[in-house]
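User: I'm new to reading protein structures, and I'd like a close look at one part of this one. Could you walk me through the aromatic rings and what surrounds them?

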Amino acid sequence: MANNLDPRLSPAERFGRELARCRKEKGLSQRRLAERLRCSPSLVGHIETGSRNPQLDFAEVCDQIFELPEKDYFVRLCRRIHQFPSGPGWYLRWLEEIEPSAVTLRTWDPLLVPGLLQTHDYARAVFRGHMAMPEPEVEEQVAARMERQAILARESPPTLWVLIDEGILERPIGGPDIMVGQLAHLATVALRHNVTVQIVPIDNPCTDGLMSSFVIAELPTSPTTVSVDSAGKGEVSAEHDLVSLIWGRYDRLRAEAYRPGESLAMMKKAADRWSAKI
């Protein structure tokens, strides 16, 4: 449903457009819908224009009222708003259209275990690190991150090539208990036939890798697309020059990486070191 909307819309605008569409299809005025939602008509109007963000309970009641075939449709749209409260439509396009359609994903992260391979506890510790984030929002973001991981459990999952910096094994995200669980999970996932995890030495000479994390998505019927993250901004693009630049960085990093078997042994040894601290 939402995939037909302008990908430049923000998550809040997308929620509002879908709310207005469903309301009109059901023959409800803003006032009548507000009565069923137990809120003011002006709030419905502000949410439909994207000038106010809906809360999770508002989205839950919308799903009950409209009874759409897609389960928890408005709840998922709401979670994306709170996951990326000021983010543009570029990342929503990645989440809804690119990542789920990819046949191969190649990722690099110099700071954290990539989101597709994080445990609940590790993700929660990451989001709690945003000091001003309320606990309900932390839980919403964790849930949204776990939802993304469903692509790895489907019948035909994408092939996943993961490069992570060696320092990630030692970075105390959440404390020893959480690190033991995260590294054990990472080692388990690395044994899947469609997943390869390689550690890049902390002293590798490819300083390009320190500039940002990125993901390269190979798609079945569309050009290869990249998502590049850096502090305060990000970009999703299939533009040839940028894709070539990111491919070059990936190749240089992978040339410096330990082999998969060596990397697996490093993850297990790091888990043992964290376990000794418990």
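Analyst: Happy to! Altogether, the structure, which is a predicted model, holds 5 aromatic pairs. Let's begin with phenylalanine 15 and phenylalanine 74: their ring centres are 5.2 Å apart and their planes meet at 65°, so this pair is edge-to-face. The cut-off behind that name is an angle over 60 degrees between the planes. Phenylalanine 15 belongs to helix H1 (residues 11–25) and phenylalanine 74 to helix H5 (residues 73–83), so the pair links distant parts of the chain, 59 residues apart. Both of these phenylalanines are buried.

Phenylalanine 74 has another partner, tyrosine 73. Here the centres are 5.5 Å apart and the planes stand at 75°, so this pair is edge-to-face as well. Tyrosine 73 is buried too. Putting the rings together, Phe15, Phe58, Phe66, Tyr73 and Phe74 form one aromatic cluster.

Two members of that cluster, Phe58 and Phe66, are among the buried residues of helix H4 (residues 56–66). The other buried residues of H4 include Leu56, Ala59, Cys62 and Ile65. Just after H4 comes glutamate 67, whose phi is positive, near 50°.

Now let's follow the helices that carry these rings. In helix H1, arginine 21 and glutamate 18 are 3 residues apart, which is about one helical turn. Their side chains meet in a salt bridge, with 3.0 Å from N to O. Glutamate 18 is buried, with a relative accessible area of 1%, whereas arginine 21, at 26%, counts as partly exposed. Glu18 and Arg21 also join Glu25 in a network of salt bridges.

Helix H5 has a salt bridge of its own to show you. Arginine 76 meets glutamate 147 at 3.7 Å, N to O. Glutamate 147 lies in helix H8 and arginine 76 in helix H5, so this pair ties together parts that are 71 residues apart in sequence. Arginine 76 is buried at 18% relative accessibility, while glutamate 147 is partly exposed at 32%.

Finally, H5 also helps to line the second largest pocket, which has a volume of about 230 Å³. Of its 12 lining residues, those closest to the centre are Arg80, Leu95, Pro100, Glu147 and Arg148. H5 and helix H8 (135–148) are the elements that give two or more residues to this lining, and the largest share, 4 residues, comes from H5. By type, the lining divides into 5 nonpolar, 1 polar and 6 charged residues.

How values were computed. Residues are numbered from 1 along each chain as its sequence is written. This is a predicted model: local features need pLDDT of at least 70, side-chain atom pairs count only at pLDDT 80 or more; totals for chains, interfaces and linings use all residues. Side-chain values use heavy atoms; hydrogens and water are left out. Rings of Phe, Tyr and Trp (its six-membered ring) pair if their centres lie within 6.5 Å; planes under 30 degrees apart count as stacked, over 60 as edge-to-face and the rest as tilted. Buried means under 20% relative accessible area, exposed over 50%, partly exposed in between (1.4 Å probe, protein chains only). On a 1 Å grid over the protein atoms alone, a cavity is a set of points where a 1.4 Å probe fits but cannot get out, and a pocket is an open set with protein on both sides within 12 Å along at least five of seven lines; lining residues have an atom within 4 Å of a point. Grid points are joined across faces, edges and corners, and a volume is the space filled by probe spheres set on the points. Ala, Val, Leu, Ile, Met, Phe, Trp, Tyr, Cys and Pro count as nonpolar, Asp, Glu, Lys and Arg as charged, and the others, Gly among them, as polar. A salt bridge is a side-chain nitrogen of Lys or Arg within 4 Å of a carboxyl oxygen of Asp or Glu.
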